[in-house]
Amino acid sequence: MALRAALRNSCGLSGLLSRRSSCSTHGSVSPLLVAQQRNNSTSPKIDVEFDQSTGVAVMRMQSPPVNSLSLDFLTEFCIGVEKLEMDKGCRGLIITSNQPKVFSAGLDIMEMYGKSPERCGEFWRAVQEMWLKLYSSNMVTIAAINGSSPAGGCLMSMTCDYRIMADNPRYSIGLNETQLGIVAPFWFKDTMVNTVGHRTTEMALELGLLYNPSEALKIGLVDQLVPEDQVLTTAAQAMTKWLAIPDHARQITKSMMRKPTVDKLTSNRDADIQNFVSFITKDSIQKSLRMYLEMLKKRRA
């Protein structure tokens with residue numbers, strides 16, 4: 001309720017709060033949207049609430065325990081983003097987590113371990129699609145990072161126009177793929193270079209660095225730190241500054257800045273998938289993943 005109030009008050013807009021049902025672009029109030037589930041999974045992995053009175057949607061990731069980016073999750077996520085993008089009344093999207101202490105732990109390792117090349121390829125195309133939809137979105141996108149956000153979670157955050165992180169030293173963010181024996185692909189690298197610069201990215205990727213919130217703010221990986229209980233309301237307030245800019249001018253400028261990076265992946269999608277599948281199915285990489293999974297099991301025990 002605090003978030004909804006902040007959105008209404010700061011935007012200077014009034015109106016009824018939307019109600020929970022299927023997505024619609026008709027009428028004075030857009031209903032809440034819960035994206036359809038892939039393969040009729042038992043519970044939604046994301047919850048999307050769209051309030052037409054503010055033109056802002058809030059997407060809450062809710063895939064226990066750590067919002068891992070599985071194929072099912074990514075499919076549902078992309079469907080949710082695409083529906084909002086198609087609704088001309090939706091101008092802004094805030095992405096956050098319903099899971100305690102974590103924004104997203106990144107790519108689901110079980111999607112990369114012991115899977116067929118075909119399944120790995122399908123999974124990687126879904127990762128690409130998530131990035132493409134967010135990085136080239138016409139909506140204003142704000143990451144409300146209310147927990148740790150390593151690897152793919154960091155990538156998702158960096159696709160957004162603005163990043164607000166909970167100021168908790170126990171949380172971390174970064175592309176730490178090399179620690180798992182995995183190489184971040186060129187478009188992960190390009191996204192980070194566009195965010196924090198070449199030298200910082202080079203150090204971060206080679207060492208697989210994870211940054212605490214104050215470190216992330218210092219290098220520009222996040223834009224603002226706030227107390228944990230203020231992340232969403234601050235995101236709502238920040239959204240009003242972005243929405244105050246005429247959409248066409250902001251969208252054209254965003255495209256001008258990001259289109260070369262988007263085009264680079266778009267023109268190399270199939271080759272990128274082939275490279276990923278070839279790499280991830282290598283015996284040495286599968287062994288590294290198996291060792292990591294065994295380490296996780298020992299930690300839990």
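Two strands pair if DSSP finds at least two bridges between them. Helices (H or I, at least four residues) and strands (E, at least two) are themselves DSSP runs, numbered from the N terminus. Keep both in mind for the exercises.

A word on the model: it is predicted, so local features need pLDDT of at least 70 and side-chain atom pairs count only at pLDDT 80 or more, while totals for chains, interfaces and linings use all residues. Residues are numbered from 1 along each chain as its sequence is written, and side-chain values use heavy atoms, with hydrogens and water left out.

**Exercise 1. Find the hairpin formed by E1 and E2, and look at its turn.**

Step 1. Locate strand E1 at residues 46-51 and strand E2 at residues 56-61.

Step 2. Check how they run: E1 and E2 pair in the antiparallel sense, over six bridges. Asp-51 stands opposite Val-56 in E2.

Step 3. Now the turn. Four residues lie between the two strands of this hairpin, and Gly-55 there has a positive phi of about 75°.

**Exercise 2. Follow the chain from E2 to E3 and give the handedness of the crossover.**

Step 1. Strand E3 covers residues 92-97 and pairs with E2 in the parallel sense, again over six bridges. Met-59 stands opposite Ile-95 in E3.

Step 2. On its way from E2 to E3 the chain passes through helix H2, residues 71-86, and this β-α-β crossover is right-handed. That word applies if, with the strands pointing away from the viewer, the path from the first strand over the helix to the second runs clockwise.

**Exercise 3. Sort the residues of E2 by the way they point, and say whether they are buried or exposed.**

Step 1. Start with the general pattern: in a regular strand the side chains alternate between the two faces of the sheet.

Step 2. In E2, Val-56, Val-58 and Arg-60 point one way, and Ala-57, Met-59 and Met-61 point the other.

Step 3. Both sets are buried, that is, under 20% relative accessible area (exposed is over 50%, partly exposed in between; 1.4 Å probe, protein chains only). So what about the chain of 301 residues? There, 51% count as buried.

**Exercise 4. Classify the ring pair of Trp-124 and Phe-276, then that of Trp-187 and Phe-188.**

Step 1. Get the rule straight: rings of Phe, Tyr and Trp (its six-membered ring) pair if their centres lie within 6.5 Å; planes under 30 degrees apart are stacked, over 60 edge-to-face, and the rest tilted. By this rule there are eight aromatic pairs.

Step 2. For Trp-124 and Phe-276, the centres are 4.0 Å apart with 10° between the planes, which makes the pair stacked. Trp-124 sits in helix H3 (residues 117-135) and Phe-276 in helix H10 (residues 269-280), so this pair links parts of the chain 152 residues apart.

Step 3. Trp-124 is buried at 3% relative accessible area, and Phe-276 is buried at 9%.

Step 4. Trp-187 and Phe-188 have ring centres 4.8 Å apart and planes at 70°, so they are edge-to-face. Trp-187 is buried at 0%, and Phe-188 at 1%.

Step 5. Put the rings together: Trp-124, Trp-131, Tyr-135, Trp-187, Phe-188 and Phe-276 form one aromatic cluster.

**Exercise 5. Count the disulfides.**

Step 1. Look for pairs of cysteine sulfur atoms within 2.5 Å.

Step 2. The count comes to zero.
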